[in-house]
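Please open the model in your viewer and keep the selection panel at hand. The stops below go from the whole chain to a single side chain.

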Amino acid sequence: MNKKVSLTGIKPTGMPHLGNYIGSIKPALELAHDYDARYFIADYHALNQIKDPVKLKDMTFEVAAAWLACGLDPNQVLFYRQSDVPETFELAIALMAFTPKGLMNRAHAYKALTQKNAEEGNPLDDGVNIGLFTYPILMAADILLFDADLVPVGNDQLQHIEMANDIAQSLNFNYKTEILKLPQPFTHKEAGLVVGLDGRKMSKSYNNEISLFLPEKKLRKTIMKIVTNSQTIEEPKDPDNCNVFSLYKVFATSQQQSELRAKYLAGGMGWGHAKEALFEAINAQLKAPREKYFELLERRDYVDKILLEGAEKARDIASQTISRLRKSIGID
Ligand code: TRP
């Protein structure tokens, strides 16, 4: 009866792209069938990057709408906004007392910035705010507040999960009780499979992404920009060494894949044809979610209501963790 808990946070700093869809949205929604899923929009994490209030609000709403459009069922998944669960911030403050500064010094994002400063001859902490420095503590609070067993994330987040474990262990050890549950990371096998327009892993930081809900015409136009070699139409082509085909493998059925593979090998097929086939395959999967997404954009109150109802239930769970914590630490 008691299902294990799967929890993840979605930082609302940009529209998801195809890589996010295949590597994180789809697998997280599949996990929700077997786990007690708790997925939230990490708006306070986004504040480190987005300081324009309208933009932060809009991104939070749009990213929530995107997940709902992709099939997140709020009756099955506890779906909420981090900022609507203030218990998060109380736990984060308590966790700070159990977090060695040296642990934070080792966090990838912080280290990357200080190293860049060092290389450029600037003071080490130039441009580093404490929100970035303590980012892993806030994330640990998100996770530990909800007794997460499993945290589905991309590889770039593994260190943060380890840190959440370290911090929780040090708190539990001090009070000789398992106050906080230790979470396990879960990385999706699909992650990293999706290549971008230039053939590198699809990523916002490479600027090679295909955004999830591009209108149909724009989607086709973007797909036509995928980098291919300069082989002529007549020449046979290698499907296993081609950016178009490697995306096709992610979106097309195995029957469609063998058909297109045969056309590659036979020659007489131009890149425009292969790209058109890819467009059809991607569009077939995204058409319905895209329509739902644009419909949800017009129903802001409905999306807000879902998040608020989620937050109410989330606070029920969160307040239990906080009262357990307060009793143990002598603040109750
Ligand atoms: N740091 C995560 C990211 O950048 C987002 C996040 C915030 C998160 N809190 C979390 C992920 C808790 C998993 C669990 O993608």
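The tour starts with the overall fold and then turns to one loop residue.

This is a predicted model, in which local features need pLDDT of at least 70 and side-chain atom pairs count only at pLDDT 80 or more, while totals for chains, interfaces and linings use all residues. Residues are numbered from 1 along each chain as its sequence is written, and side-chain values use heavy atoms, with hydrogens and water left out.

Select the whole protein in cartoon view, where you will find 14 helices and five strands (DSSP runs, H or I of at least four residues for helices and E of at least two for strands, numbered from the N terminus). Its C-alpha atoms fill a box of roughly 75 × 50 × 40 Å along the principal axes. If you colour by burial, buried residues account for 48% of the 332 residues (buried means under 20% relative accessible area, with a 1.4 Å probe and protein chains only).

Next, select N208, which sits in the loop between strand 5 (184–187) and helix 10 (216–223). Its relative accessibility is 2%, so N208 counts as buried.

Show side chains here: that of N208 makes a polar contact with the side chain of D198 at 2.7 Å, and a polar atom of the N208 side chain lies 2.9 Å from the backbone nitrogen of S203 (a polar contact is a pair of N or O atoms within 3.5 Å; within protein, one must be able to donate a hydrogen and the other to accept it, and residues adjacent in sequence count only if both atoms are side-chain atoms).

Finally, add G196, L197, D198, R200, K201, M202 and S203, with which N208 is in contact when neighbours within four places in sequence are left aside (contact means heavy atoms within 4.5 Å).

Definitions and conventions. Buried < 20%, exposed > 50% of the residue type's maximum accessible area, 1.4 Å probe, protein only.
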